[in-house]
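This briefing sets out the computed features of the structure shown below. The points are grouped by topic, from burial to overall form and strand pairing.

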Amino acid sequence: MAANPPVAELSKEQVISQLNLSHHFEGGYFRQTFKANHRDKVTTPRGDRTTMTAIFYMLTDDNNIDHFHTKHSDGIEFYHMGAPITYHMIYPDGRYEKVVVGPDIQNGQQLQLAVPGGTYKAAELPVGIYGLVSEAVAPGWEKEDMIDVSHAELLKKFPEHKGIIDRLANKESH
């Protein structure tokens, strides 16, 4: 049996085109790839939701920050290709965690990252041309479940994390 041939390196434009990605309002590019419309919905305090949704999500060298935000649902990020993406999380109790999602598992990078709902999350592509992940969310993501948070709001809640908030929070008022 012949080995699989190596895959040629793709440019960010090729990935955007091949995966039919669009600009995402948080930053980067995305496309929803799955919505569990074939299942009964689950009831949440915000209304009925699908059981799960999934997206492709890509940060690029010219669109390299996903500003701090949170959502009600839990999410799992899955690394696919390109450069590693660094995630910054501030948990509701104020604890900060930084995780690099990428291929170098021998040096501490992770292939997947679970982020509980209610956790403030930002992501950045510190080096490289692009990084591509998927995110599965349960209960399924709806735009009205997104909680955008301003720089001022985050500083008021978590002044001990001023440095990372100054760098990765949306500074525009809502």
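A residue counts as buried when its relative accessible area is under 20%. The model is predicted. By that cut-off, Thr44 is buried, because its relative accessibility is 10%. The protein chain as a whole contains three helices and 13 strands, and its radius of gyration of 17 Å is close to the 16 Å given by the globule rule for 174 residues, so the chain is as compact as a globular protein of that length.

**Thr44 and its surroundings**
- Thr44 lies in strand β3, which covers residues 42–44.
- Leaving aside residues up to four places away in sequence, Thr44 touches Arg49 and Pro139.

**Overall form and surface**
- Along the principal axes, the C-alpha atoms of the protein chain fill a box of roughly 55 × 45 × 30 Å.
- Of the 174 residues in the protein chain, 44% are buried.
- The protein chain exposes about 9,700 Å², and carbon and sulfur atoms supply 53% of this area.
- Where contacts in the protein chain link residues at least 6 apart in sequence, 72% of them join residues at least 24 apart.
- The protein chain carries 17 positive and 23 negative charges, and the mean positions of the two sets are 3 Å apart.

**The six-stranded sheet**
- Six strands make up an open sheet with antiparallel pairing, in the order β1-β2-β5-β12-β7-β10.
- Its edge strands are β1 (22–23) and β10 (112–115), each of which pairs on one side only.
- Strands of a sheet pair through backbone hydrogen bonds, in either a parallel or an antiparallel sense.

**Strand β12 and its partners**
- Which strands pair with β12 over eight bridges? Strand β5 (residues 53–60) does so in the antiparallel sense, with β12 spanning residues 130–138, and strand β7 (residues 74–82) likewise pairs with β12 in the antiparallel sense over eight bridges.
- On the β5 side, Thr53 has Val137 of β12 as its bridge partner, while Ile55 stands opposite Glu135 in β12.
- On the β7 side, Asp74 stands opposite Ala138 in β12.
- How much of β12 is covered? The strand is mostly covered, with eight of its nine residues buried.
- In a regular strand, side chains alternate between the two faces of the sheet.

Key: Residues are numbered from 1 along each chain as its sequence is written. This is a predicted model: local features need pLDDT of at least 70, side-chain atom pairs count only at pLDDT 80 or more; totals for chains, interfaces and linings use all residues. Side-chain values use heavy atoms; hydrogens and water are left out. Helices (H or I, at least four residues) and strands (E, at least two) are DSSP runs, numbered from the N terminus. The radius of gyration is taken over C-alpha atoms; the globule rule is 2.2 Å times the number of residues to the power 0.38. Buried means under 20% relative accessible area, exposed over 50%, partly exposed in between (1.4 Å probe, protein chains only). Contact means heavy atoms within 4.5 Å. Accessible areas come from the Shrake-Rupley method with a 1.4 Å probe; for residues, only the protein chains shown count as cover. Lys and Arg count as positive and Asp and Glu as negative; His and the chain ends are not counted. The place of a charge is taken as NZ of Lys, CZ of Arg, CG of Asp or CD of Glu. Two strands pair if DSSP finds at least two bridges between them.
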